[in-house]
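Student: I would like to practise reading surface and sheet features with you. Could we take them one at a time?
Tutor: Gladly; let us open the structure and begin.

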Amino acid sequence: MLISFFGCKNSNQLENEDSNQKFDWVSTNSISQTDFKILNKSNQVNIDQSEIGKDIHLSDLISEFSYLQLKNKEGHLLGDIDKILFTDSLIFVMDQYITNTLQVFERRTGNEVVYLEKSGEGPREFLEIYDFDIDREKKQILLFDGKLSKVLFFDFNGKFIEELKIPVRAQNFRKLKTDDYLFFTANLPNGHIEGLTDCVYFILNSEFQVKSCFSIEKKLESHGNYFSRDYFSSDGHDIYLFPRFSNELFRIDGKDEVLNQLVSVKLEAGIEKQDLVGEGLSFVDDRKKDRKFFSHGGSFVTNRIYGLEFRRFGGRSFYYFESLVSNERFYGSNINFDLPGMPFFSFPISSFKNVAISVIKFQQLRNLGVEKFKASLEKQGNLTLDLSDFLDNVIDFDQPAILIMEFK
């Protein structure tokens with residue numbers, strides 16, 4: 001059985017720029033830092049050491065699923081998938097490190113329909129994609145160029161609309177339902193804005209002017225050198241935050257400046273505040289040695305279920321799922337592939353309505369051979385006609401595919 005995992009960024013790879021020259025246009029009027037209130041702290045879950053290795057049965061979580069290979073036009077390349085967003089008909093993919101492109105594919109066929117690549121430093125051009133978001137109502141793509149500190153707007157056909165400068169250094173962002181924007185700085189310097197040097201999160205208005213800023217558990221945010229590539233998760237409506245080295249999932253209410261806590265998961269062999277000693281990579285190295293530390297991970301929320309992944313240095317990831325319908329909980333570090341035709345699984349990196357998407361890589365299949373792999377699945381009773389047809393039509397085993405899941 002094959003399990004794929006989603007990677008992280010090293011903050012040393014981010015822009016190290018001390019000069020404020022490109023922010024000379026930014027007003028330095030002092031803006032007070034906001035302390036977001038944390039509400040609904042009732043859902044506290046304690047996981048005992050003996051429960052960490054429990055099985056998670058995919059049949060308890062997933063009702064329908066399908067695999068889709070994304071197909072580029074001739075001359076185009078999708079090296080890796082670092083972020084996915086989607087609608088009922090389209091899939092939007094950011095390949096940040098290999099091709100640094102934003103690509104759009106048909107959800108039904110997997111065929112490429114838009115290919116946005118770096119073009120320059122002038123108007124309507126971008127140099128490096130740090131992040132992107134989509135506005136499903138306006139049918140717009142929002143592309144954040146962190147090198148040039150601007151957001152470019154395109155329609156779903158890839159046609160340029162406008163661009164706006166951004167007054168902060170940041171790595172990730174999301175458009176809030178209030179038409180404001182939430183930016184995560186990833187510890188990039190923002191000393192050009194008076195009084196806000198300690199802020200980790202900035203809220204900008206529709207014209208990209210700073211409204212407020214806040215931090216959460218700064219001690220947690222500052223330790224370690226890695227963070228999730230897509231820092232915020234979304235169900236297509238609300239924005240969710242799973243801070244680094246934390247065990248709490250929040251829904252962000254930017255209008256009322258409130259963080260609604262969905263859950264707090266305490267892992268017996270995981271992070272405790274007293275473990276936060278040392279600085280930077282030395283702290284991470286300690287956790288690699290003791291092999292018991294659950295670090296940052298990923299999160300997703302649908303209208304029926306939400307999930308958390310705690311990645312583990314030296315061990316398997318720990319997964320936590322909770323039904324929003326029945327409040328039933330499923331957690332553990334072992335995946336039980338008990339759904340016929342589903343031999344691949346990785347933790348979802350995007351969700352919309354009751355559907356979630358994850359990334360599957362097939363390099364091992366290329367080495368093993370499709371026919372040999374199909375024979376082993378047939379022997380286990382896990383080969384279906386749909387899966388067999390999909391495997392037979394995989395053109396490039398170096399091209400990532402996606403797993404589309406609907407939850408119970």
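Student: Where does Leu77 lie?
Tutor: In this predicted model, Leu77 sits in the loop that runs between strand E6 (62-69) and strand E7 (83-86).

Student: Is Leu77 buried, partly exposed or exposed?
Tutor: Buried means under 20% relative accessible area and exposed means over 50%, with partly exposed in between. Leu77 has a relative accessible area of 46%, so Leu77 is partly exposed.

Student: Which residues form a nonpolar patch on the surface?
Tutor: Leu77, Tyr97 and Ile98 form that patch, and together they have about 300 Å² of accessible area.

Student: Now the sheet, please. In what order do the 4 strands come?
Tutor: The order is E15-E16-E17-E18, in an open sheet with antiparallel pairing. At the edges are strand E15 (172-175) and strand E18 (210-214), each pairing on one side only. From one strand to the next, the twist averages 20 degrees.

Student: How many bridges join E15 to strand E16?
Tutor: There are 4 bridges between E15 and strand E16 (residues 181-184), and these strands run antiparallel. For one bridge, look at Lys175, whose partner in E16 is Tyr181.

Student: And what is a disulfide?
Tutor: It is a covalent bond between the sulfur atoms of two cysteines. This structure holds 1 disulfide: Cys199 and Cys213 form it, with their sulfur atoms 1.7 Å apart. Cys199 lies in the loop between E16 and strand E17 (201-204) and Cys213 in strand E18, so the pair ties together parts 14 residues apart in sequence.

Student: Are Cys199 and Cys213 buried or exposed?
Tutor: Both Cys199 and Cys213 are buried.

Conventions
Residues numbered from 1 in each chain as written. Predicted model: local features only at pLDDT ≥ 70, side-chain atom pairs only at ≥ 80, totals over all residues. Heavy atoms only, no water. Pairing = 2+ DSSP bridges. Helix = DSSP H or I, 4+ residues; strand = E, 2+ residues; numbered from the N terminus. Axes fitted to C-alpha atoms, helices over the stretch in contact; angles between N-to-C directions. Patch = residues over 30% accessible without salt bridge, like charges linked within 9 Å, V, L, I, M, F, W, Y side chains within 5 Å. Areas by Shrake-Rupley, 256 points an atom, 1.4 Å probe, with all protein chains shown as cover. Salt bridge = Lys/Arg side-chain N within 4 Å of Asp/Glu carboxyl O. Buried < 20%, exposed > 50% of the residue type's maximum accessible area, 1.4 Å probe, protein only. Disulfide = S-S within 2.5 Å.
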